[in-house]
Amino acid sequence: MLKMLTKPLLAGALALAALPAWAQSVTWDLANEYPPNSVHAQSADTFIETLKAVSGGDIVVTAHHGAALGYKSLDQYDAVGDGALDLASSFATPWSGINPVFVLSSIPFLVTTPAEERTLYEIAKPYYEAVLERDNQVLLFATPWPPSGLWGNKPLDSMEALAGVKLRTYDANGTITFGNTPATPVQLSWADTVPQLSTGAIDAVLTSADGGSASQLWEQQSHFTEVNYAMPLQFVHMNRDAYEALSDEQKAWVAEAAKAAEDFGWNLLADRVSQNYAEMKSHGMTVVTDVDPAYIAALTEAAKPALEEWKAKMGPDADAILSAFDAKRAQ
């Protein structure tokens, strides 16, 4: 009787094993350094939910937000390329040591609006894709952070106010820029920022209103100063071997979900900043806007060496990208 009962089960298992790989369900894990309520966690979740829907549940992705798998954005580059991770949502600027093109979106004051940021992204996208392809990865989509500002325990709205402030920056551009001010820049990943703030190793944080709100920085900071420093990109990238194992139909599902998530992330910018400001104020924070234009001009001047350093590292491709950007912006 036992043999009779197990024969159908055995036959089903053998039939499933005989199916081509693309006909079986696919399960992936996605790593993300930022908290679940951050804008990029929500964009990743949109990708995951859309992919599950369009694939009829054949492709299921599990998100691990808040560095739950122990990876920072810098670590995720090699982890995805090597196949230790299937996918990741990564802050791109820590990859500047891999290729300088990845720091483009965080060059201070290069863009002034989300529309300009998207134009720059579309121009640079083939360069991003080429580097990732070389390292066994596929760029699925990218979305911007809202504009970076200054979190602190006082208004950081003048060069004088920056004097002696140990300020967290997120890349070499920030270190160069604020190294040319009275502040003391300290480059840290996001996963290290809150612990360093808690111990007093830093006094203030360069990040967006969204990034700080997601980690409830109002528990340690009283002011946010709007300077519209940069709108750096977050990439969702996946292992090329895992991608190439998909059927054409499955690749089309991934592309459809990626487009939906990318559009979601870019469209969020329209209202996200005002929502962040309202939340911050509800927690007792002071949001400083309309700072002296002379201060922004001074910060822009302090940032010029960062642009020149990037151009030197990129070589002729820098002129190609920036010339195309200037032409589009002039239209």
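**Sheet pairing, enclosed space and selected residues**

In the predicted model, strand β9 (residues 223-225) is joined to β11 by three bridges, and the two strands run parallel. Within this pairing, T225 stands opposite V288 in β11. Both strands belong to an open sheet of six strands, whose order is β7-β6-β8-β5-β9-β11 and whose pairing is mixed. The edges of this sheet are formed by β7 (184-187) and β11 (286-288); each has a single partner strand, so one side of each is left without a neighbour in the sheet. Neighbouring strands of the sheet are turned against each other by 30° on average, direction ignored. Helix α6 (residues 190-198) lies across β6 (166-169) and β8 (204-208), and runs at about 145° to β8.

A further set of pairings involves strand β10 (residues 233-239). Strand β3 (residues 87-91) pairs with β10 in the antiparallel sense over five bridges, and F91 has Q234 as its bridge partner in β10. Strand β4 (residues 137-144) is also antiparallel to β10, to which it is joined by seven bridges. In that pairing T143 stands opposite Q234. Q234 thus has a bridge partner in F91 and stands opposite T143. Seven of the seven residues of β10 are buried, so the strand is largely enclosed by the rest of the structure.

Strand β5 (residues 148-152) of the six-strand sheet was examined through two of its residues, S148 and G152. S148 counts as buried because its relative accessibility is 3%, under the 20% cut-off. Not counting residues up to four places away in sequence, S148 touches Y170, L206, T207, S208, V227, N228, Y229, A230 and P232. G152 is likewise buried, at 1% relative accessibility. With neighbours within four places in sequence left aside, the contacts of G152 are D203, A204, Q221, S222 and H223. The C-alpha atom of G152 is separated by 29 Å from that of Q76, a residue 76 places away along the chain.

S148 also takes part in enclosing internal space. The structure holds one cavity of 30 Å³ or more. The largest cavity has a volume of about 80 Å³, and its lining consists of Y34, F91, W145, S148, R168, Y170, W190, T207, S208 and P232. By class, this lining divides into six nonpolar, three polar and one charged residue. Among the lining residues, Y170, T207, S208 and P232 are also in contact with S148. F91, another member of the lining, is the residue whose bridge partner in β10 is Q234.

The largest pocket has a volume of about 210 Å³. It is lined by 18 residues, of which P94, Y170, Q187, L188 and S189 are the closest to its centre. Helices α3 (73-82) and α6 each supply at least two residues of this lining; α6 is the helix that lies across β6 and β8. The pocket lining divides into eight nonpolar, five polar and five charged residues, whereas the cavity lining has one charged residue. Y170 occurs in the cavity lining and is also among the residues closest to the centre of the pocket.

Two residues were noted for their backbone conformation. A67 has a positive phi of about 55° although it is not a glycine. A67 lies in the loop between β2 (59-64) and α3, the latter being one of the helices that contribute to the pocket lining. The relative accessible area of A67 is 23%, so this residue is partly exposed. D290 also has a positive phi of about 55° without being a glycine, and its place is in the loop between β11 and α10 (293-314). At 74% relative accessibility, D290 counts as exposed, the cut-off for this class being over 50%. The loop that holds D290 follows on from β11, one of the strands at the edges of the six-strand sheet.

Methods: Residues numbered from 1 in each chain as written. Predicted model: local features only at pLDDT ≥ 70, side-chain atom pairs only at ≥ 80, totals over all residues. Heavy atoms only, no water. Helix = DSSP H or I, 4+ residues; strand = E, 2+ residues; numbered from the N terminus. Buried < 20%, exposed > 50% of the residue type's maximum accessible area, 1.4 Å probe, protein only. Contact = heavy atoms within 4.5 Å. Pairing = 2+ DSSP bridges. Axes fitted to C-alpha atoms, helices over the stretch in contact; angles between N-to-C directions. 1 Å grid on protein atoms, 1.4 Å probe; cavity = no way out; pocket = protein on both sides within 12 Å on 5 of 7 lines; lining within 4 Å. Points joined across faces, edges and corners; volume = space filled by probe spheres on them. Nonpolar A, V, L, I, M, F, W, Y, C, P; charged D, E, K, R; others polar.
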